[in-house]
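I'm opening a fresh page for this one. These are my notes from going through the chain, in the order I looked things up.

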Amino acid sequence: MTGTVQLATAGPSPLWYATRAGGTVALLLLTATVVLGIVAGGQYAPKRIARFEIGALHRNLSILTLAFLALHIVTAIADTFVHLTWLDAFVPFASSYRPLWLGLGTLAFDLLLAVLVTSAVRLRIGQRRWKAVHWLAYASWPLALFHGAGTGTDTRLSLQLVLSTGCLAIVMVAVWWRLHRAGPDHRAGRLWAALAVAAVPVVLAVFLATGPLKAGWAHRADGAAPSVATVTADRTGESA
């Protein structure tokens, strides 16, 4: 059975730190990629920067995001604290360890991989199909955000909360700016998009208040309470 938690008495390993650092940096890079795509999309044409330069920056940020995601996944699998397999990395909700929250991260990764693969064969599949798949990158962002909040053992840390809140705020500002520039012809679409964007921080705030920010969340997220007091849940020192 994958995802089995081991007993641990030692402190966090370098792989533990690398997994969380890689995930945090990947979220920051994904946020920057999404924001750039939102702001520079449509008919907007910046005056001081050429569109091909924005496209190159967007592409490089996407590659960096995938690179840190790879680091996040490899170190998580290599760390023996939780038994994760490559199947868990590619098949959503396959892991028995925190299946929902890990599954959201896996789903976000799969969506980004779909964008990468279709970008490589863009000329063969056509602009319309590629663009339809490319929109999946936007869906991967909230999935990654909730994945980090639900499964990240450092969610309660002040710095992590500031980073997550900052990512959420900048994406919201970018979306509202894009909706503002859409014009009156897209009024109905703007309304639904605005409602969807406004719902994300509300849902996230309620989720954090009732879940990860409460003591013992690590054990509840695993689906069962620990049977041995020496289990250091996710090596955070959190008491049961």
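**Largest pocket.** I started here and got a volume of about 1,000 Å³ for the largest pocket. I'm working with a predicted model, so I keep that in mind for every entry. Which residues sit closest to the centre of this pocket? I noted Gly37, His58, Arg122, Trp130 and His134, out of 31 lining residues.

Next I checked which elements the lining comes from. Two or more residues each are given by α1, α2, α4, α6 (127–134) and α7. The top contributor is α2, and I count 10 residues from that helix. Sorted by class, I have 15 nonpolar, 11 polar and 5 charged residues in the pocket lining.

**Largest cavity.** Then I looked for enclosed space. How many cavities of 30 Å³ or more does the structure hold? I found 1. About 830 Å³ of space lies in the largest cavity. I listed 44 residues along its lining, and Thr19, His72, Leu102, His147 and Thr151 come closest to the centre.

The elements giving two or more residues to this lining are α1 (14–40), α2 (51–78), α3 (86–90), α4 (99–120), α7 and α8 (158–181). Here α1 gives the most, with 8 residues. For the classes I wrote down 22 nonpolar, 16 polar and 6 charged residues around the cavity.

**Overall fold.** I stepped back to the whole chain. I see 10 helices and 0 strands, so to speak a one-letter pattern: α-α-α-α-α-α-α-α-α-α. Of the 240 residues, 40% are buried. I also looked at contacts with a separation of 6 or more, and 67% of them join residues 24 or more positions apart.

**Helix α2.** This helix came up for both the pocket and the cavity, and I gave it its own entry. I count 28 residues in α2, reaching 41 Å from the first C-alpha to the last, close to the 40 Å expected at 1.5 Å a residue. Its buried residues are Ile54, His58, Leu61, Thr65, Leu66, Leu69, His72, Ile73, Thr75, Ala76 and Ile77. His58 is also one of the residues closest to the pocket centre, and His72 one of those closest to the cavity centre. What do the buried residues of α2 pack against? I noted α1, α3, α4, α6 and α7.

I picked out one more α2 residue, Ala70. I put Ala70 down as partly exposed because its relative accessible area is 36%, between the 20% and 50% cut-offs. Ala70 and Ala26 are 44 residues apart in sequence, but I get 9.2 Å between their C-alpha atoms.

**Helix α7.** Residues 136–151 make up this helix, and its 16 residues reach 22 Å, close to the 22 Å expected at 1.5 Å a residue. I listed the buried ones: Ala137, Ser140, Trp141, Leu143, Ala144, Leu145, Phe146, His147, Ala149, Gly150 and Thr151. Two names here, His147 and Thr151, I had already met near the cavity centre.

**Helix α8.** Does its length agree or disagree with its residue count? At 1.5 Å a residue, 24 residues should span 34 Å, and I find the end C-alpha atoms 35 Å apart, which agrees. The buried residues I found in α8 are Gln160, Cys167, Leu168, Val171, Ala174, Val175 and Leu179.

**Loop between α3 and α4.** I checked backbone angles here, since most residues other than glycine have a negative phi. Phe93 is in this loop, and I get a positive phi of about 65° although it is not a glycine. Arg98 is found in the loop between α3 and α4 too, with a positive phi near 45°. Are they buried or exposed? I have Phe93 as partly exposed because its relative accessibility is 44%. Arg98 counts as buried because its relative accessibility is 1%, under the 20% cut-off.

**Confidence.** I finished with the pLDDT values. The chain has a mean of 80, and 78% of its residues reach 70 or more. I flagged residues 3–9, where the pLDDT is below 50; beyond near neighbours in sequence, this stretch has 22 contacts in the model. I flagged residues 224–240 as well, also with pLDDT below 50, and there I count 37 contacts beyond near neighbours in sequence. Where pLDDT is low, the predicted coordinates should not be read in detail.

Note on methods:
Residues numbered from 1 in each chain as written. Predicted model: local features only at pLDDT ≥ 70, side-chain atom pairs only at ≥ 80, totals over all residues. Heavy atoms only, no water. Helix = DSSP H or I, 4+ residues; strand = E, 2+ residues; numbered from the N terminus. Expected span 1.5 Å × (residues − 1). Buried < 20%, exposed > 50% of the residue type's maximum accessible area, 1.4 Å probe, protein only. 1 Å grid on protein atoms, 1.4 Å probe; cavity = no way out; pocket = protein on both sides within 12 Å on 5 of 7 lines; lining within 4 Å. Points joined across faces, edges and corners; volume = space filled by probe spheres on them. Nonpolar A, V, L, I, M, F, W, Y, C, P; charged D, E, K, R; others polar. pLDDT = per-residue confidence, 0-100. Contact = heavy atoms within 4.5 Å.
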